[in-house]
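Work through the exercises below with the sequence and the structure at hand. Each task is followed by a solution in steps.

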Amino acid sequence: MSKPTLLILAAGMASRYGSMKQIDPFGPNGETIIDYSIYDAIRAGFGKVCFIIREEFADKFKGIFEPKLAGKIETDYVYQSYDLTSFGITKQIERSKPWGTAHAVLSARNQINEPFCVINADDFYGFEAFEKMAKFLTSEVTDNNFSLMGYQIDKTLSEYGSVSRGVCKVDDEGNMTEINERLKVYFKEVDGEKRIFFEEDGIETELPKSSRVSMNFWGFTPAIFEVSETLFKAFVPANEDNPKSEFLIPKVADELIKEGKATFKVIPTSQKWFGVTYPDDKPIVQENIAQLVKGGTYPEQLF
C-alpha cells in the first residue's frame, strides 16, 4: 500500500488574524506551524504533503517550503478557486470568501489517489495524532470507514475566553454518531473547581472533561470525493444567495452518517492542541513551541 498523504488547508483568508498566519513564524528559527505538522507527518510515515492554497500565493509557498522539504517528502499544490465550472456549475456567484473546508478538500480530487488526512494550516496537532492517523490510514481505512482525530475538550480550550468546538457524540464502538457545533465553549470555576460549559440561546450547559471534539483532523480515502461532489452540487444552488454559507467537512460527515453511507471512527488522542485565531494567540503558541523544543520533543532546527 502506498504511503498516506497529508492534505493541508491553507487557503483561508485569516481576516481575524490580520496577516497570513499560514506562513507566520512561531518556532525558534522562524518555523511555521505547518513545518511542525510536516515534520511530525514525515516521522509518522506520510509520503506526500499537498497544500491547498490560493493560486496567487503559490510562488510564496513554494519559495518557503520547497527548499526545506526537498528530498524529505513529496510536495504538491492545489488551488481552491471561486470558479465552479469544473463541477458543471456555470452560474457566476459573487463571494468574498471561499466555499469552505469540504470544498477545499474537493479541490484536490484530481491529485490524490491514496488514503489521506486533512488538517488546518494554523493548528498544532502533535506527533501522537499523526502517528495514530498514519496507522489508521495504512491498516483500517476503507471507502466507507473514515476517521476523525478526537481531542479531549479540556486540552483544546483557551484560558482567555470562549471558543467554538465541534463536540462529538461517540457510540460504544468508538464511532461518531453526530457532531454538534457549540459556538461558545469556556472554562468556568465552580466551587473552586475548573469546569467546562457551553452557552446556547442564553442557556448554560456543562460538558464532561472527557468530551471529544473535532479540530478538523480527518482521515479519508479518495471515495470521499465522489460523495462530497454530489452534496456540493446540491449545496451551491441552495445557498447561492447566502455569501457566508460554507460547505464544511462536518456537514459532509453528518450527512454520510445519517444516510448510513459511512462510519467515522473517533481516534482518541491525549495530545494538547493549540492554534492561532487572533493576534494575541501568537505569543502563547510561541511559548508552547519553545517549551516543546526545550523538553526535546522537537529539535531547535527542524529542517
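**Exercise 1. The cavity**

Task: State how many cavities of 30 Å³ or more a search of the whole structure finds, and describe the lining of the largest cavity.

Solution.
Step 1. The search of this predicted model turns up one cavity of 30 Å³ or more.
Step 2. The space inside the largest cavity is about 50 Å³.
Step 3. Its lining consists of Ala 102, Val 105, Phe 220, Ile 224, Ser 228, Ile 249 and Val 252.
Step 4. Helix H3 (101-106), H5 and H6 each contribute at least two residues to this lining.
Step 5. Sorted by class, the lining of the largest cavity holds six nonpolar residues, one polar residue and no charged residue.

**Exercise 2. Two helices in contact**

Task: Describe how the axes of helix H5 and helix H6 cross, and list the residues that make the contact.

Solution.
Step 1. A pair of packed helices is described by the distance between the axes and the angle between them.
Step 2. Helix H5 covers residues 223-239 and helix H6 covers residues 249-258; their axes come within 11 Å and cross at roughly 105°.
Step 3. Angles from 65 to 115 degrees count as roughly perpendicular, so H5 is roughly perpendicular to H6.
Step 4. On the H5 side, the contact is made by Ile 224, Val 227, Ser 228, Leu 231 and Phe 235. On the H6 side, Lys 251, Val 252, Glu 255 and Leu 256 take part.
Step 5. The residues of this contact between H5 and H6 comprise six nonpolar, one polar and two charged.
Step 6. Compare the lists: Ile 224, Ser 228 and Val 252 belong to the contact and also line the largest cavity.

**Exercise 3. The second largest pocket**

Task: Which strand gives the most to the lining of the second largest pocket, and how do the lining residues divide by class?

Solution.
Step 1. The second largest pocket encloses about 160 Å³ of space.
Step 2. Lining residues are Val 167, Cys 168, Lys 169, Val 170, Asn 180, Arg 182, Phe 198, Leu 207, Pro 208, Ser 211 and Arg 212.
Step 3. At least two of the lining residues come from strand S7 (163-170), and at least two from strand S8 (176-190).
Step 4. S7 gives the most, with four residues.
Step 5. By class, the lining of this pocket has six nonpolar, two polar and three charged residues.

**Exercise 4. Gln 152**

Task: Locate Gln 152 and name its contacts beyond four places in sequence.

Solution.
Step 1. Gln 152 lies in strand S6, residues 145-152.
Step 2. Partly exposed covers the range between under 20% and over 50%; Gln 152 has 22% relative accessibility, so it counts as partly exposed.
Step 3. With neighbours within four places in sequence left aside, Gln 152 is in contact with Lys 209, Ser 210, Ser 211, Arg 212 and Thr 269. Among these, Ser 211 and Arg 212 also line the second largest pocket.
Step 4. Val 167, another residue of that lining, is 15 residues from Gln 152 in sequence and 9.8 Å from it in space, C-alpha to C-alpha.

**Exercise 5. Positive phi**

Task: For Asp 191 and Asn 216, decide: buried or exposed?

Solution.
Step 1. Asp 191 is not a glycine, and its phi is positive, near 55°. Asp 191 sits in the loop between S8 and strand S9 (193-200).
Step 2. Its relative accessibility is 80%, so Asp 191 counts as exposed.
Step 3. Asn 216, also not a glycine, has a positive phi of about 65°. Asn 216 is placed in strand S11, residues 212-220.
Step 4. Asn 216 has a relative accessible area of 11%, so Asn 216 is buried.

Notes
Residues are numbered from 1 along each chain as its sequence is written. This is a predicted model: local features need pLDDT of at least 70, side-chain atom pairs count only at pLDDT 80 or more; totals for chains, interfaces and linings use all residues. Side-chain values use heavy atoms; hydrogens and water are left out. On a 1 Å grid over the protein atoms alone, a cavity is a set of points where a 1.4 Å probe fits but cannot get out, and a pocket is an open set with protein on both sides within 12 Å along at least five of seven lines; lining residues have an atom within 4 Å of a point. Grid points are joined across faces, edges and corners, and a volume is the space filled by probe spheres set on the points. Ala, Val, Leu, Ile, Met, Phe, Trp, Tyr, Cys and Pro count as nonpolar, Asp, Glu, Lys and Arg as charged, and the others, Gly among them, as polar. Axes are lines fitted to C-alpha atoms, for helices over the stretch in contact, and angles run from 0 to 180 degrees between N-to-C directions. Angles under 35 degrees count as roughly parallel, over 145 as roughly antiparallel, 65 to 115 as roughly perpendicular and the rest as oblique. Contact means heavy atoms within 4.5 Å. Buried means under 20% relative accessible area, exposed over 50%, partly exposed in between (1.4 Å probe, protein chains only).
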